[in-house]
Amino acid sequence: MDALTHLFQGFGAAILPVNLLFAGIGVLLGTAVGVLPGIGPALTVALLLPVTFQLDPGGSLIMFAGIYYGGMYGGSTTAILLNTPGEAASVVTALEGNRMARSGRGGPALATAALGSFVAALIATAGLAFLAPWLVKVAVRFGPWDYFGLMLIAFVTVSATFGSSPLRGLTSLALGLWLGLIGIDQLTGQTRLTFGVPNLFDGIEVTTLAVGLFAIGEALYVVSRHAFAPEKPIPIKGSVWMTRADWGRSWKPWLRGAAIGFPIGALPAGGAEIPTFLSYTAERKLSRHPEEFGQGAIEGVAGPEAANNASAAGSLVPLLTLGLPTSATAAVMLAGFQQYNIQPGPLLFVQHADLVWALIASLFIANVMLLVLNLPLVGLWVQLLRIPMPWLYAGILVFATMGTIAANPSVVELLLLSGFGVVGFIMRRYDYPVAPVIVGLILGPMADSQLRRALQMSLGDPMVLFQHPGSAIMIVIAVLALLAPFLFRGLARLRKEED
Amino acid sequence: MSFFKSRLLAACIAVAASVSPVVAQDLELSIIAPAGAGGGWDSAARALQDAMVKSGNARSVQVQNVPGAGGTVGLAQFAQQARGADDQLLVGGITMVGAILTNNSPVNLTSVTPIARLTGDPLVVVVPKNSPHQTLADLTAAIKGDVANTIWAGGSAGGADHILAALITQAAGADPSKVNYVAYSGGGEALAAMLGGQVTAGISGYGEWQGQIESGDLRALAISYPEPIEGIAAQPLKAQGVDVELVNWRGVFAGPDIPDETKAALSTAIANTVKSPEWQEILKARGWTDYYAPADDFAAFITSENERVGTTLRAIGLAK
Amino acid sequence: MQPPARPGFHRPTLIIGVGLFALAAVTWFDARSMTIRANYGMGADAASYFVAAFLAALGAGHLIAAMRPGIRAGDTDWAGVGWVMLALVGLIGSIWAGAGFIIGSTLLFAFTARSFGRRALPADLLIGLALSTLIFLLFNKLLQLALPMGPLERLF
């Protein structure tokens, strides 16, 4: 086991007290900035990256790993407690997590998120250490037709987030698809629905939509109801910690989340969001308490949160082996590597073996550090809900808009953010689910460009989708998943008639 | 593993962050990077920030990201806010020239003041390692034979990669408007399509694919630079009988209508920075090629690039 | 909140349905005006036509659904919603007018707190000022994040 020896050497370097200190500082900083509402991991890492430049490559990479995992974790805290995910990958976490927090179970929700992140990151980091070279060979075989098949599956699973009415759920999805059209088409350069506004040429930023719909929409809705049904968030009911039942219901979703998140995260165009949707649907289908979904089911936090973190580690596979950043956070990481004259790519493991293995070892250490530092902090984060509501929501809005201002300080962007807030308010008011809008915005453009790339390569022949086994199988799965509920219903009726 | 011998001192410096520039010239600049964090112009702006402060050619430099529409959003904002200003710079490059034309941007590069061209990186034409095309001649023959089935992968539509694919197609004797160019969000995503063997050939910045070229996963057929570059085995297109050159250049601009002395002061500061060892070190670290040209040469260069890029984009059908 | 217009006729659903048709129409016309064609395969307009058709179908669905009684939104504190909107206008206005991040965020904080029924605007303005100044110093000075500058920011 060559990899194992390297890994031990990496640990040997990373375990030095001073490096442990760097890891600790990194985790703390990452969590502290990541926990601010509306500030996702990408922005967190981008903001804190310069801090690490002052160190030598080894020390800074270790701090960097801490910031990365800390930022990932911090993002889910606000999603759960305040229903304000700072990035699209925590949107699903907010669905069940915030319900739990509202019924006074914020502590267990945070704990299962932390433990799930830990377990998933552990598995995925091990996968990164031992499977990366093999996995990347499989991943690059994924053609546009295969991605299109994957998108179809993801689209079908979105229905799990629809809530009570398919009509309203589909309308939310359609709104997301419509927003996804806006901007310059990547393949042809044609502008769609931009109405000549240059700020729309790059399309709608997913973070702007997520923060607008969730943070601002939520604030508007809470305010509108506050005077009549003052809904004071309940800080804690029962224990902050997970009960035996919580453990029992969490461990399988953690493992499944990791199994879904890591391979999809490793795909060059997989992304972190799709695994969270898939995991949520899987948990809902497999749960023994499906009726609790939408009311605060712990599986719905454990699975997606594990998937999110596993895909974050998975996205390091194409980053390290191909130099290919697959998420905004990974793009910032790449910039970080280049700062030290390290060009991630096929030669990285050869030319900078010691650094790479030190980084992987630091990821393990940062992961443990995160758990050690953050589990005790769960109790503290839950106290956030004790802040009086006027100040709490005022603070949320200040940080949420600051995240947008920091990424793109333009008035148009802020107007969009506020506009999405109003849309989010109306949707909440008339019981339209919010998550499908974000799903539509993410999946729509991806499905569009992958399908068109496939057709461009086949010179317009649609059969290309069925000539490749991967895409053919995934399209069949998607169609089956779409039709299965109807078929089962039909079968059940048949059986009834036979009786 | 010497780099692990870090001391606590380093940690203290890290936490205190960088607020200790060498006091030299009194320039307090703000540079607009018309792209999001992590992109090419962003890293160029931050590299310039780093080099100017460390080499003592500016007291402080702030980088501001104004992303959008191939840099034209940043350009439009800059043209407005930096009019006559002595402390504002904008980073731009060849992609912006194309974006101005395809987006019908009301503001173009003639409305700002060119200060200096900084870097110019070669684009590289590659094929997957088990491609039947061994040489550039094989590839151009394939283009001439069947332009539709010669599938290219590269960055976004209308960008430098796309322009080069069209120019090569034209030089090979085929209709450039028929080029089958599959656009990806950047060199990275296109790389996966190359390695997966889904396309015939690919174009990207040399630095982006350097690792795969050196490891043998990709075969570099040619670079788009006019002359051979030291350390790059692939020869220029021109040297191989395809009369095409394209350099992915980046430069800095000052606002419109600045007084001559401001222009001179900014030009001098940049010229001194470019000569500094700090800047040279950054070029080496990032794999950028020095392509410095002073203000007047740069202005003339932009006029000719505008002409050339415009002609190609009209031929592809992306600009009117 | 809406008065029952006609028995069994749900007005919000009707309005959203009409809105969906309008969105579909805009998308359709936008797709028709596209000039850049793809050389091979499908053009950029295909997705627009698809979404337009999807929206139109959902619009029709809403018109049908409007025949049945729908969700009655609960009582709404429109004054509170108005204050939050004013808070956002305050922030955007400050950025637009070049008054900077601190003033903008202070207004945002104070007006949002007011929307929840707090009647201590001067105190909230002070808290907001302290909070946003702290954020500015932390992010701008320590982390070198370029937040919009105004008269207050230039003091530091």
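These are some informal notes on side-chain contacts, a surface patch and a domain layout in this predicted model.

1. Let's start with the aromatic pairs, of which there are 13 over all chains. Take Tyr291(B) and Phe301(B): the ring centres are 6.2 Å apart and the planes sit at 85°, so this is an edge-to-face pair. Tyr291(B) belongs to strand β10 (residues 290–294) and Phe301(B) to helix α11 (residues 295–316) of chain B, so the contact ties together parts 10 residues apart in sequence. Tyr291(B) is buried, at 16% relative accessible area, and Phe301(B) is buried too, with a value of 16%.

2. Those two rings also have company. Tyr291(B) and Phe301(B) are part of one aromatic cluster with Tyr225(B), Trp249(B), Phe253(B) and Phe298(B). On top of that, Arg117(B) lies over the face of Tyr291(B), 3.8 Å from the ring centre. Chain A has a contact of this kind as well: Arg428(A) lies over the face of Phe214(A), at 5.8 Å from the ring centre.

3. Over in chain C, have a look at Trp83(C) and Phe111(C). Their rings make a tilted pair, with 5.6 Å centre to centre and 55° between the planes. Trp83(C) comes from helix α3 (residues 78–97) and Phe111(C) from helix α4 (residues 101–115) of chain C, so to speak two distant parts of the chain, 28 residues apart. Is Phe111(C) buried or exposed? Phe111(C) counts as buried, at 16% relative accessibility, while Trp83(C) is partly exposed at 23%.

4. Staying with chain C, the domain assignment splits the chain into domain 1 (11–65) and domain 2 (78–155). The centres of these two domains, taken over C-alpha atoms, are separated by 39 Å.

5. Now the salt bridges: the structure holds 17 over all chains. In one of them, the side chains of Arg192(A) and Asp448(A) meet at 2.9 Å, N to O. Arg192(A) is in strand β2 (residues 191–192) and Asp448(A) in helix α19 (residues 435–457) of chain A, so the bridge ties together parts that are 256 residues apart in sequence. Arg192(A) is buried, at 4% relative accessibility, and Asp448(A) is also buried, at 11%. If you are looking at this spot, include Asp185(A) and Arg452(A), which are linked with Arg192(A) and Asp448(A) in a network of salt bridges.

6. A second bridge in chain A joins Glu292(A) to Arg249(A), with the closest N and O atoms 3.0 Å apart. Glu292(A) sits in the loop between α11 (273–286) and α12 (299–314), and Arg249(A) is in helix α10 (residues 244–266), so the pair ties together parts of chain A that are 43 residues apart in sequence. Glu292(A) is partly exposed, with a relative accessible area of 25%.

7. Chain B has a bridge between Lys263(B) and Asp296(B), where the closest N and O atoms are 3.8 Å apart. The bridge links helix α9 (residues 260–275), home of Lys263(B), to helix α11, home of Asp296(B), and the two residues are 33 residues apart. Lys263(B) is partly exposed at 25% relative accessibility, whereas Asp296(B) counts as exposed at 57%.

8. Last, the surface of chain A. Leu4(A), Phe8(A), Phe130(A), Leu131(A), Trp134(A) and Val138(A) form a nonpolar patch there, with about 590 Å² of accessible area together. Two elements of chain A give two or more residues each, α1 (2–14) and α6 (106–140). Which one gives the largest share? That is α6(A), with four residues. Phe130(A) is found in this helix and is partly exposed, at 33% relative accessibility.

Note on methods
Residues are numbered from 1 along each chain as its sequence is written. Chains are lettered from A and ligands numbered from 1 in the order in which they are written. This is a predicted model: local features need pLDDT of at least 70, side-chain atom pairs count only at pLDDT 80 or more; totals for chains, interfaces and linings use all residues. Side-chain values use heavy atoms; hydrogens and water are left out. Rings of Phe, Tyr and Trp (its six-membered ring) pair if their centres lie within 6.5 Å; planes under 30 degrees apart count as stacked, over 60 as edge-to-face and the rest as tilted. Buried means under 20% relative accessible area, exposed over 50%, partly exposed in between (1.4 Å probe, protein chains only). A charge sits over a ring if NZ of Lys or CZ of Arg is within 6 Å of the ring centre and within 35 degrees of the ring normal. Patches are made of residues with over 30% relative accessible area and no salt bridge: like charges are joined within 9 Å, nonpolar side chains (Val, Leu, Ile, Met, Phe, Trp, Tyr) within 5 Å. Accessible areas come from the Shrake-Rupley method with a 1.4 Å probe; for residues, only the protein chains shown count as cover. A salt bridge is a side-chain nitrogen of Lys or Arg within 4 Å of a carboxyl oxygen of Asp or Glu. Domain bounds come from an automatic or database domain assignment.
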